[in-house]
Each structure stands twice: as C-alpha cells, then as structure tokens.
Amino acid sequence: NRNLPATLLSCELKTRASHDRDTAPGCQLERLGRSESLNELPLPCMPVPCVPHSPALSDGGRASRPDCQEARLTLPTTSPSAPTDEPTEIVTAAVLVIGDEILSGRTKDKNIGTIAGHLTDIGIRLLEVRIVPDVEAEIVAALNALRQRYSYVFTTGGIGPTHDDITADSVAKAFGVAIDVDPRARTILQSYYDGRGLELTDARLRMARLPSGSDLIANAVSGAPGFIIGNVVVMAGVPDIMQAMLLAVTPRLATGARMLAETVSVDLPESEIAAILAATQVQFGDVAMGSYPCLRNGRPASDLVLRATSRERLRDAVAALRGGLKL
C-alpha cells in the first residue's frame, strides 16, 4: 500500500441525495498532518471521533485571515519501510469546473481549493483551472484542450440525474466513444436504492450512464460513481461527494516530485522587502518565491513563500533570504 495524507471524514446529521442531494449523509473531509496506509483510512460517513483540527500553517497562497495564518496540511512523512528515493518527474493537472450555477454566482465553488491542496500534497502540480457553462460544445472544447496539455484533468459537476447534467455525454463526445448505462454502475445504484426502500427511477439511472471504456470511481457517500477515462477524472460537484471520490481515485494516480514550501514571515510591508526578495530570486532561479501581504496585529506585514522540489535548494534559499532581511 502506498502512503497517503491521512484523511478524516466527519459526518453531520443531515441528508442529501445521490447527486440530487436528498438522501445521503453529508460529509466533510478534514485532512490531518500525518500518514496512514490506504486500508487504514476510515470510510466516508462512518462514525469517527471528533479530532481537533490543528494542521500546520499555510505553506502558500494568499492569507485568508488578517493574521496571515491559513490552515494547511503538512506533507506526510516517509515511513521507515518506504523507499527513500523521491520521484523526480513532473506530473501536471488542470481542473475543469462545469456548471451554470458557478458562473452565475448562485453556488460558491468549494472544490478548487480542496483539489489544489490534495494534488500538491501527493505530488501533482495544478497549473490551470477553467469554469465552463452547461453547454456541450464548451465542455468538449475545454476538455480536449486541457487533456492534451496536462497529465490529468479533474472535472467537477454535471453528473447528476437531471436533464442539465451533461458532463458524461460531453466527455463521451470529446473521446469519440459511445455512452450507455454501465452494468457495474447500475448494480451499485440498484443496491444503494434497494437498501433505502427507494425505486431506481429513470432519472436516477441516468447516473449509471458512462462513456465506453470508463473505469468507476467509488462514491462511498451516495452510491452513484464517478469515472475515469484516459487521463480525465470525472467527479461530482457536491463537495462532500467530490472529496470522497478524490480520495478513492488517489491510489490510481501517477504522482511526481512534491513541491516543498517554506514561509518566511516579516512584520514589514511588501514595499520595504521587495528589493531583497527580488535579489534572492535572481540568486535562486529554481526556487519559486512569492510575497503575500496581510495585516498582523493591525500592522502591514508580509508572508514570503518559497517553493522548490529540492529540499537543499529550498533550505539555502530560505537562509539567503533571512540573511538579506537580517532575521
């Protein structure tokens, strides 16, 4: 078993549908800063003890709170029995968000950040995000462009039971394959609804329609599976369900060099440290450096985030920057 960032699925006592949000318990992923083997991860919506959320401070991104502290998972440590050689190849990804409700502002996206953080943790670099409406031609065009450019494309939204859920049909068209009810998916849905004393209606059966050649992605929250075809990973838009699918598909993904990060916090505005940061960037061209302004204790401050795949280069760059800032 490969090691993954540990994940705790904490369940709330509320109900939602398969993808139509009416019967399944809602879950939220809370990622903890340690490693567990895959077969030790709890299943979605199983009762588990509440654990205080205390991840490491953010290793990047603009601060979401005035004190510049953003919750972020630390990278998992290597177990003694795991190989010590880190992968060196670069694996890339894009996210394609599908849905009129996102573009209209009716629904606020909660998936992009989750996917971005998870991919960073496992060694996949998210390089692009697109949002497209529920229009087949737009979905097909975006999907064909992204799947040729990146190692993976992760889609969210549009695989539910209603007429405007057209993602599966659009993916089939992009790949030039047929789409029909998948016997495996039908069996899963039949069992799911039978267990709840509900009928597998034609609308619900729409969620078993998959492009030919697809592999299923388990959905332990609400039954109806996602799917993967080629380098395209198709997931639900409901955050709880998307998170469960993302966890389920992770062991099947190729991963590459992990981007390591370290933050240097200074109680000075960006304008006063810009020249030193720029000079350090010139010295360490292979280390990405960014400045993220914020207020700390009511005063202008900056978090300087350095990223690299080489632990040694990152360490040297941080030392050089701290030296230039006289920290």
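Mentor: A residue counts as buried when its relative accessible area is under 20%, as exposed when this area is over 50%, and as partly exposed in between. Please keep in mind, as we go through the side chains, that this is a predicted model.

Trainee: Is D182 buried or exposed by relative accessibility?

Mentor: D182 has a relative accessibility of 11%, and because this is under 20% the residue counts as buried. Its salt-bridge partner is R184, with the closest N and O atoms 2.7 Å apart, and R184, at 39% relative accessibility, counts as partly exposed.

Trainee: How many salt bridges does the count come to?

Mentor: A pair is accepted when a side-chain nitrogen of Lys or Arg lies within 4 Å of a carboxyl oxygen of Asp or Glu, and by this rule the count comes to nine. One of them joins K173 to E136, whose closest N and O atoms are 3.0 Å apart. This pair links distant parts of the chain, since K173 belongs to helix α4 (residues 167-175) and E136 to helix α3 (residues 136-149), with their positions 37 residues apart. K173 is exposed at 53% relative accessibility, whereas E136, with a relative accessible area of 30%, is partly exposed.

Trainee: Which side chain meets D267 in a salt bridge?

Mentor: The partner is R296, at 2.9 Å from N to O. Here too distant parts of the chain are linked, for D267 lies in the loop between β13 (260-266) and α8 (270-283), while R296 lies in strand β14, 29 residues apart. The two ends fall into separate classes of accessibility: D267 is exposed, with a relative accessible area of 58%, and R296 counts as buried at 16%.

Trainee: Which residues are linked in a network of salt bridges?

Mentor: Such a network links E128, R130 and R149.

Trainee: Turning to rings, how many aromatic pairs does the count come to?

Mentor: The geometry is read from the distance between ring centres and the angle between ring planes, with angles over 60 degrees counted as edge-to-face and those from there down to 30 degrees as tilted. By this rule the count comes to two aromatic pairs. Y152 and F154 form a tilted pair, 6.1 Å centre to centre with 50° between the planes, and Y152 is buried, as is F154. Y192 and Y193 form an edge-to-face pair, with 5.1 Å from centre to centre and 90° between the planes, and both of these tyrosines are buried.

Trainee: Which residue has its charged end over the ring of Y192?

Mentor: The charged end of R196 sits there, 3.6 Å from the ring centre, so that Y192 takes part both in this contact and in the aromatic pair with Y193. Elsewhere, R147 lies over the face of F175, at 4.0 Å from the ring centre.

Trainee: Finally, the backbone: where is N297 found?

Mentor: N297 is found in the loop between β14 (288-296) and β15 (299-308), and its phi is near 55°, a positive value in a residue other than glycine. N297 is also exposed, at 78% relative accessibility. K326, in the segment after α9 (311-324), has a positive phi of about 60° although it is not a glycine, and K326 is exposed with a relative accessible area of 74%.

Conventions. Residues numbered from 1 in each chain as written. Predicted model: local features only at pLDDT ≥ 70, side-chain atom pairs only at ≥ 80, totals over all residues. Heavy atoms only, no water. Helix = DSSP H or I, 4+ residues; strand = E, 2+ residues; numbered from the N terminus. Buried < 20%, exposed > 50% of the residue type's maximum accessible area, 1.4 Å probe, protein only. Phe/Tyr/Trp six-rings, centres within 6.5 Å; stacked < 30°, edge-to-face > 60°. Lys NZ or Arg CZ within 6 Å of the ring centre and 35° of its normal.
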